[in-house]
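The following account considers the charged side-chain pairs of a protein chain and the helices that carry them. The reader is invited to keep the sequence and the structure in view throughout.

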Amino acid sequence: MAKVKRNDYFALLTEQAAFCVQAAQLLEHSIEQFDAIQTNTVHQQMHTIEHNADLLHHDILKRLYTEFITPIDQDDILRLVQIIDDVTDALDEVTMDFSMYNIRTLPKGTDTFAKLVTTCVKSLHAAVAELKNFKKPEQLRAHIIEMNNAEAEADAIYTDAIHALFTGNNTDAATLISSHKVLDSLENCCDLCEHAADVIEQIIIGNT
């Protein structure tokens with residue numbers, strides 16, 4: 001974990017969001033090169049990222065508990081810290097689904113979905129890195145728009161993938177349930193990024 005000045009919360013939040021990017025890239029790669037035999041290994045790798053992100057999450061909270069002056073409202077920092085943590089947890093959950101549901105074949109559209117998740121997460125990281133310039137939010141709002149656009153595209157992919165799942169030839173209940181769960185988990189990653197975009201927009205409004 002990098003050493004950051006005591007109250008440089010913008011740097012700490014950017015570092016936290018970087019773990020989301022690591023997790024998203026691992027997820028995308030594991031889906032591009034999907035190997036059912038490696039799902040436990042991938043989940044262990046993801047869980048290591050999630051654990052390191054948790055350590056930073058708790059470090060930020062510990063700093064906040066003893067801090068009297070913060071660059072933006074303390075409650076805003078807490079909200080953003082939590083939603084970034086939620087995104088990392090959601091990415092971890094996807095790889096857990098692969099292992100827990102013994103996924104052998106990914107549902108149609110998963111690879112495209114994973115790329116959109118990475119787009120959402122990279123835009124989140126870029127927005128958090130730009131948050132220090134919240135008083136001149138033009139670029140910050142551009143990243144928010146990127147997140148919202150990627151989430152909207154993910155909604156369409158999700159709808160098409162669920163439709164394909166239930167109108168295809170596969171009637172095996174276990175496959176339908178497990179595939180539905182994977183798609184839901186990917187959708188949740190994008191939904192949480194959209195939620196983060198809303199939080200950042202509210203921070204801009206509340207602190208300017």
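**Salt bridges and the helices they join**

In this predicted model, Asp 76 and Arg 79 are paired through their side chains in a salt bridge, with an N to O distance of 3.4 Å. Both residues belong to helix H3, which covers residues 74-100, and they are three residues apart, about one turn of the helix. This spacing suits a pairing within one helix, because an α-helix has 3.6 residues a turn and residues three or four places apart therefore point the same way. The two partners may be described in terms of accessibility. Asp 76 has a relative accessibility of 10% and counts as buried, because the cut-off for that class is under 20%. Arg 79, at 33%, counts as partly exposed.

Helix H3 itself merits a description. Its 27 residues should span 39 Å at 1.5 Å a residue, and this agrees with the 38 Å that separates its end C-alpha atoms. The N-terminal end of H3 is capped by Asp 73, which places a side-chain oxygen 3.0 Å from the backbone nitrogen of Asp 75. After H3 comes Asn 102, with a positive phi near 55 degrees.

A further salt bridge involves H3 and another helix. Lys 181 pairs with Glu 93, and their closest N and O atoms are 2.8 Å apart. Here the contact links distant parts of the chain, since Glu 93 lies in helix H3 whereas Lys 181 lies in helix H6 (residues 173-206), 88 residues apart. Glu 93 is partly exposed, with a relative accessible area of 28%.

Helix H6 also takes part in a contact with H5. Glu 201 forms a salt bridge with Arg 141, in which the closest N and O atoms are 2.9 Å apart. Because Glu 201 lies in helix H6 and Arg 141 in helix H5 (residues 138-167), this pair ties together parts that are 60 residues apart in sequence. Glu 201 has a relative accessible area of 22% and is partly exposed; Arg 141 is likewise partly exposed, at 33%.

Some of these contacts are connected to one another. Glu 93, Asp 97 and Lys 181 are joined into one network by salt bridges that share partners. How many salt bridges does a search of the whole structure find? The search finds six, among them the pairing of Asp 76 with Arg 79, that of Lys 181 with Glu 93 and that of Glu 201 with Arg 141.

Notes: Residues are numbered from 1 along each chain as its sequence is written. This is a predicted model: local features need pLDDT of at least 70, side-chain atom pairs count only at pLDDT 80 or more; totals for chains, interfaces and linings use all residues. Side-chain values use heavy atoms; hydrogens and water are left out. A salt bridge is a side-chain nitrogen of Lys or Arg within 4 Å of a carboxyl oxygen of Asp or Glu. Helices (H or I, at least four residues) and strands (E, at least two) are DSSP runs, numbered from the N terminus. Buried means under 20% relative accessible area, exposed over 50%, partly exposed in between (1.4 Å probe, protein chains only). The expected span of a helix is 1.5 Å times one less than its number of residues. A polar contact is a pair of N or O atoms within 3.5 Å; within protein, one must be able to donate a hydrogen and the other to accept it, and residues adjacent in sequence count only if both atoms are side-chain atoms.
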